[in-house]
Amino acid sequence: MKNMTRFAKAAVGSFAVSMALSGVAMAQDYEWPRMLVIATPGTSTGSFASTNGWGPALQKETGTTVRIVPEDSEPMRYKRLTDREDIAIASVSASEMALQAEGVGGYASAKPMPQRILWHHNDTPWGFVVAGDSELQSLEDIGKGGVRVTSGVFSPAIVAAITQALPAFIGLTPEEAQEKIEFVPASSYGENCRSVVEGKSDVAYCSPISSVLSEMEGAPGSIRWLPMDPANKEGWDAYLSHRPMTIPSTISMGVSTAKGVESMTSNFVYAVPVTAEEDFVYNMAKWINESHDSYKGSHALATRMSLEHFRNFLNANPIPVHEGTVKYLREIGSWTEEDDAWNNEAIEKMDAWIAARNAGMKEAMEQGVEMNFENQEYLDILAKHTDGLEPFRSRL
């Protein structure tokens, strides 16, 4: 009997091992795409550098060929993700995603397509930078007039921050802003930021974590950052009316000149079109979380891709999360019924914006109106269809 018991135990042990191995095999059953193309902002950004940090780890562990494509133009990156579909994932700020859904600025004539969040990329600090020897000591000094401020035309979100939110923060009307501020166009992020050390502009809107800021900090005279006083409630309320996805904060990472400056944070996420397959998104989310230890040291921003940071972001996020990510988060106990409630509301809101914009574009087409974001007649048609829709705003 003792021998039989030993044999029985051995058999049970073998069965358990085989089942465990079977589970591993099942977990690895997903057939990854032959090539995975991920688009980020330009080469001088933290988004590009950090994605290049974890991309090789994904390629090594899954066998998929990972290609990181820098695309400085936000509208073009959006078009490549949603219309051309020659990229699978895009790194984009949540603020930009909101404007893409609402058809603001250059997105007004872009094909409306719902998007979903795959995972959190980073919580990016932003601020207004000037040359070290600039006479400007505060944002309010801009209101005195005769100041050049760079407007990055490659990003509707940056255009909104510069031409609308900034003047509102310092108490200027749109008419006063046009009179007192010279908006200097820049066609790329690098050009946008370098403008202040190259003497082309006085103020630029930049992120202190970008490599181009390290270059600027080392330039003759270095750089300074103009603070945004958190006690200026009226100014912040006005600013957030134009950039509702921004979070007031103290800069704690990036170049040394920016640390400790009162400014703001804008979260970047990895986005996919609503048409992305659930299995693909589920397995991407699972890999990003479960392989975090293998790549978190590849770049400072990679630490911000942890489940903890993603979960904290979700507590204020108003943008829909993809069903594949939801499935994974629910599976590991990091998604609740409360999350279902706000996410379903977010999906309904995005669908409403997309439907309204499609209706507006259909009317413009039927009337022979040119669908161009600079054509006021077309914008008036869109405004008629989107009137009353609530914009996306952080759930603070």
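Colleague: Before we look at cysteine 206, what does "buried" mean here?

Modeller: Keep in mind that this is a predicted model. A residue gets its label from its relative accessible area, and over 50% it is called exposed. At the other end, the cut-off for buried is under 20%.

Colleague: Okay, so is cysteine 206 buried or exposed?

Modeller: Its relative accessibility is 0%. The cut-off is under 20%, so cysteine 206 counts as buried.

Colleague: Which cysteine is its disulfide partner?

Modeller: A search of the whole structure turns up one disulfide. Cysteine 206 sits in strand β7, and the other half of the pair is in helix α7, 13 residues apart from it. That partner is buried too, at 0% relative accessible area. The two sulfur atoms are 2.4 Å apart, and the partner is cysteine 193.

Colleague: Is that link left-handed or right-handed?

Modeller: Look at the angle about the S-S bond, which is -135°. That makes the link of cysteine 193 and cysteine 206 left-handed.

Colleague: Let's move to helix α10. How many of its 13 residues are buried?

Modeller: The helix runs over residues 278–290. Its buried residues include Phe280, Tyr282 and Trp287. The rest of the structure largely encloses α10, because the number of buried residues is ten.

Colleague: And the largest pocket: which class of residue has 14 members in its lining?

Modeller: The pocket has a volume of about 550 Å³, and 23 residues line it. Helices α4, α5 and α9 each supply at least two of them. Seven lining residues are polar and two are charged, while the class with 14 is nonpolar.

How values were computed. Residues are numbered from 1 along each chain as its sequence is written. This is a predicted model: local features need pLDDT of at least 70, side-chain atom pairs count only at pLDDT 80 or more; totals for chains, interfaces and linings use all residues. Side-chain values use heavy atoms; hydrogens and water are left out. Helices (H or I, at least four residues) and strands (E, at least two) are DSSP runs, numbered from the N terminus. The expected span of a helix is 1.5 Å times one less than its number of residues. Buried means under 20% relative accessible area, exposed over 50%, partly exposed in between (1.4 Å probe, protein chains only). On a 1 Å grid over the protein atoms alone, a cavity is a set of points where a 1.4 Å probe fits but cannot get out, and a pocket is an open set with protein on both sides within 12 Å along at least five of seven lines; lining residues have an atom within 4 Å of a point. Grid points are joined across faces, edges and corners, and a volume is the space filled by probe spheres set on the points. Ala, Val, Leu, Ile, Met, Phe, Trp, Tyr, Cys and Pro count as nonpolar, Asp, Glu, Lys and Arg as charged, and the others, Gly among them, as polar. A disulfide is a pair of cysteine sulfur atoms within 2.5 Å.
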